[in-house]
Each structure stands twice: as C-alpha cells, then as structure tokens.
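Trainee: Hi! Could you walk me through this one? I'd like to start with a single residue and then look at the pockets.
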Amino acid sequence: MNYNRYLKSHQQLILQRRGDSSADHTELMIVTVATVEENRLVVNSPYGSDIIDQYAIGTDTPVEITTEVMGMGARVSARYKEKLGNNRIALELDYDFSLFQRRVVERTDCDLGIRFSRGAKTINAMRDIWKKNLAVLHSPEAPLIYQGFRSCRVNISSGGIRFALKPAANQGDLCLILLNLNDGKPPVCTIAEVVWSCMIDDEAATTGMRFINILNQDKDRINIFVEKNK
C-alpha cells in the first residue's frame with residue numbers, strides 16, 4: 001500500500017496503545033510524521049527525551065494511529081519497532097488502513113471554574129503530577145482543593161478545551177487543568193496538550209488543547225455536563 005499518499009511530512013498523528021481493555025483512563029501520544037517508506041513510518045515526538053520509556057512501549061507493542069486525511073478520519077494499526085533518537089521512533093504499519101466519518105463530538109460554550117498550570121517538559125513528569133493530583137482529589141482532603149478556581153469562558157468537549165491564555169503557549173506545550181463541573185464530585189483533572197494558538201493581542205491567545213491523559217469516568221462526566229449546558 002502506498003502510505004505516502006495519506007501520510008505527509010510534519011502531519012500530526014495520534015497514537016494509542018491497543019489491547020488494554022481494562023484501562024480506566026485514556027492516554028494519547030501525539031507525534032508528527034518524519035518519513036514514510038512502504039510500511040515503515042518514522043515519527044517525531046515533542047515530549048522530550050526517552051519517550052519510549054515514558055510510555056512503556058516495547059518492541060512490537062501494538063498501537064492504533066488516527067489522523068485526518070482529506071477531511072475524513074483515518075485509522076491504521078501499527079507496531080513499535082525501534083528507537084532512533086531521543087524523540088524519534090520507527091513503527092511498522094499494518095495493512096488495515098481505513099477512512100471513516102468522524103463522529104461529531106458535542107461541545108458547548110460556557111463559564112467554568114478552572115485551575116490551570118503549565119506543566120513539566122516531559123510527559124513522564126506530567127503523568128506523575130497528574131496521578132498525585134488524582135490521589136489528592138479523591139482523598140478526604142479533596143474539599144480544600146476546591147478553592148482557587150476562577151471562572152473562565154471556555155469551549156469544552158470530552159476531547160479537549162479552548163480558552164484564552166496569557167501569556168500565549170506554544171504548540172505541543174503540556175498543561176495540567178482542573179475543571180470544577182459543579183456536579184457534586186471532585187474536579188476533573190487532566191493533562192492537556194496545546195494543539196493550536198491564535199493571538200488575541202501582543203500577550204494573550206485563544207488556545208485549543210487536547211486532553212491526552214484523562215480518566216474515562218471524567219470524560220463521561222464532561223459529556224453529561226456538555227449535554228446539560230449546550
């Protein structure tokens with residue numbers, strides 16, 4: 001199969017490990033295409049060094065790759081083959097490439113209590129911070145965490161969020177976001193990656209982020225929140 005027709009240099013791809021049906025959270029790895037020859041795909045990651053160790057990927061670990069091609073969603077299975085550098089890996093593509101109509105994800109514009117911090121440079125460090133925050137949020141001391149939320153105008157779905165950020169962030173930056181949905185449960189805690197940024201003035205920018213680490217139950221809560229507030 002001629003993958004060069006569908007996968008271009010610098011194209012953004014979303015990787016997710018396959019086969020872990022017991023996982024209680026969604027974990028994504030965002031990469032960009034470096035080269036593709038026949039069914040060998042080489043990708044770059046913005047997450048810093050040792051990305052394979054950070055994601056606990058071993059030889060022949062199965063992953064699913066999704067991206068956008070010609071306005072459609074595209075999906076293909078692959079397996080990790082080797083590490084080529086601190087932020088570059090090689091994958092072997094399967095021959096099950098398919099296009100699909102993207103499901104419309106419900107979104108809503110609303111005012112939402114939010115706490116936001118720019119994250120560490122590596123995804124591994126960010127995951128440690130995320131897990132520690134989850135442990136605190138679900139502990140008896142959790143009500144103390146509810147302080148410090150500021151009301152912010154956002155556009156939100158279970159897959160990501162958009163709001164104005166000052167100072168502006170760069171594409172690929174990692175952030176830790178806490179969202180108070182006012183549903184009687186602990187705030188949603190997620191790692192988000194900056195996907196795009198559009199300057200409002202010299203300092204502030206409207207910023208779109210994708211949730212790359214989030215509990216599945218929190219994704220369900222956001223879906224319920226969106227449905228009630230759309």
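Mentor: Happy to! One term to begin with: a polar contact is a pair of N or O atoms within 3.5 Å, and within protein one must be able to donate a hydrogen and the other to accept it. Keep in mind that this is a predicted model.
Trainee: Okay, so which side chain does the side chain of Ser77 make a polar contact with?
Mentor: That would be the side chain of Asp96, at 2.7 Å.
Trainee: And where does Ser77 lie?
Mentor: Look at strand β6, which covers residues 72-85.
Trainee: Is Ser77 buried or exposed?
Mentor: Buried, because its relative accessible area is 9% and the cut-off for buried is under 20%.
Trainee: Which residues is Ser77 in contact with, leaving aside neighbours within four places in sequence?
Mentor: Arg18, Val63, Glu92, Leu93, Asp94 and Asp96. So Asp96 turns up in this list as well as in the polar contact.
Trainee: New topic: how much space lies in the largest pocket?
Mentor: About 1100 Å³. Its lining has 31 residues, with Ile14, Arg102, Val105, Gly159 and Arg210 nearest the centre.
Trainee: How do the residues of that lining divide?
Mentor: Into 12 nonpolar, 10 polar and nine charged.
Trainee: What about the second largest pocket, what volume does it have?
Mentor: About 320 Å³. It is lined by 16 residues, and Gln16, Arg17, Ala23, His25 and Glu27 are the closest to its centre.
Trainee: Which strands each supply at least two residues of its lining?
Mentor: β1, β2 and β5 do. Strands β1 and β5 also each supply at least two residues to the lining of the largest pocket.

Conventions:
Residues are numbered from 1 along each chain as its sequence is written. This is a predicted model: local features need pLDDT of at least 70, side-chain atom pairs count only at pLDDT 80 or more; totals for chains, interfaces and linings use all residues. Side-chain values use heavy atoms; hydrogens and water are left out. Helices (H or I, at least four residues) and strands (E, at least two) are DSSP runs, numbered from the N terminus. Buried means under 20% relative accessible area, exposed over 50%, partly exposed in between (1.4 Å probe, protein chains only). Contact means heavy atoms within 4.5 Å. On a 1 Å grid over the protein atoms alone, a cavity is a set of points where a 1.4 Å probe fits but cannot get out, and a pocket is an open set with protein on both sides within 12 Å along at least five of seven lines; lining residues have an atom within 4 Å of a point. Grid points are joined across faces, edges and corners, and a volume is the space filled by probe spheres set on the points. Ala, Val, Leu, Ile, Met, Phe, Trp, Tyr, Cys and Pro count as nonpolar, Asp, Glu, Lys and Arg as charged, and the others, Gly among them, as polar.
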